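Visitor: I'd like to walk through this model with someone. Can you take a few questions while we both look at it?

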Amino acid sequence: ANVTVAVLNGTTVPGLAATIGDQIVGQGFQLGTVTNNFDQERAESVVLYAPGAEREGADVGRRLDISQPERIDAESQALAGDATVVVVAGADQNQ
């Protein structure tokens with residue numbers, strides 16, 4: 001199944017979401033929205049999944065080496081558009 005993955009930049013590092021977007025495309029996923037997260041002070045990255053997309057969320061998390069996926073919240077889903085999996089980039093991705 002072709003999973004659409006959105007990337008939200010949870011930091012103030014310019015271009016961090018775009019870099020992760022490149023990784024997502026490289027892993028064969030469909031890249032969705034790439035934009036800034038409301039909260040830009042996240043220390044840790046997180047993978048969020050829409051209802052019914054737990055397996056896809058786990059797959060994306062595993063491939064990007066981001067731990068435990070979480071169910072998406074309404075705020076993140078609004079930013080993510082029609083993506084079923086969302087990666088919120090934290091400061092841990094800027095190493």
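Visitor: What covers the buried residues of H1?

Guide: Keep in mind that this is a predicted model. H1 spans residues 16-26, and its buried residues are Leu16, Ala17, Ile20, Gly21 and Ile24. What lies over them includes strand E1 (4-9), strand E2 (30-36), helix H2 (54-64) and strand E5 (85-89).

Visitor: Why do those buried residues sit on the same side of H1?

Guide: Take Leu16, Ala17, Ile20, Gly21 and Ile24, the buried set in H1. They share a side of H1 because the arc they cover around the axis is only 135°.

Visitor: And which residues are exposed on the other side of H1?

Guide: Exposed means over 50% relative accessible area. Turn H1 around from its buried residues, and the exposed ones on the other side are Asp22 and Gly26.

Visitor: Which residue just after H1 takes a positive phi?

Guide: H1 covers residues 16-26, so look right past its end. The phi there is about 90°, and the residue is Gly28.

Visitor: Moving on to strand E3, are the residues on its two faces buried or exposed?

Guide: In a regular strand, side chains alternate between the two faces of the sheet. In E3 (residues 46-49), Val46 and Leu48 are on one side, with Val47 and Tyr49 on the other. Both faces are covered, and these four residues are all buried.

Visitor: Which residue in E5 stands opposite Leu48?

Guide: E3 pairs with E5 over four bridges, in the antiparallel sense. Leu48 belongs to E3, and its opposite number in E5 is Val86.

Visitor: What is the bridge partner of Tyr49 in E4?

Guide: E4 covers residues 70-71 and runs parallel to E3, with two bridges joining them. Together with H2, these strands make a right-handed β-α-β unit. In E4, Tyr49 has as its bridge partner Arg71.

Visitor: With which residue does Glu54 form a salt bridge?

Guide: The closest N and O atoms of the pair are 3.7 Å apart, which fits the 4 Å limit for a salt bridge. The link joins distant parts of the chain, 17 residues apart, from Glu54 in helix H2 to a residue in strand E4. Glu54 is partly exposed, at 36% relative accessibility, and its partner is likewise partly exposed at 49%. That partner is Arg71.

Visitor: Which residues are linked with Asp59 in a network of salt bridges?

Guide: Asp59 has one partner three residues away in H2, where the closest N and O atoms are 3.1 Å apart. Another partner is four residues away in H2, with a closest N and O approach of 3.3 Å. The partner three residues away is exposed at 59% relative accessibility, while the one four residues away is partly exposed at 40%. The network links Asp59 with Arg62 and Arg63.

Visitor: How many salt bridges does the count come to?

Guide: One joins Glu54 to Arg71, another joins Asp59 to Arg62, and Arg63 pairs with Asp59 as well. The count comes to three.

Visitor: Last one: which residue in the loop between H2 and E4 has a positive phi near 60°?

Guide: Most residues other than glycine have a negative phi. Here the positive value belongs to a residue other than glycine, in the loop between H2 and E4. This residue is exposed, with a relative accessible area of 71%. The residue is Asp65.

Technical notes:
Residues numbered from 1 in each chain as written. Predicted model: local features only at pLDDT ≥ 70, side-chain atom pairs only at ≥ 80, totals over all residues. Heavy atoms only, no water. Buried < 20%, exposed > 50% of the residue type's maximum accessible area, 1.4 Å probe, protein only. Arc of directions from axis to C-beta. Contact = heavy atoms within 4.5 Å. Pairing = 2+ DSSP bridges. Right-handed = clockwise from strand over helix to strand, strands pointing away. Salt bridge = Lys/Arg side-chain N within 4 Å of Asp/Glu carboxyl O.
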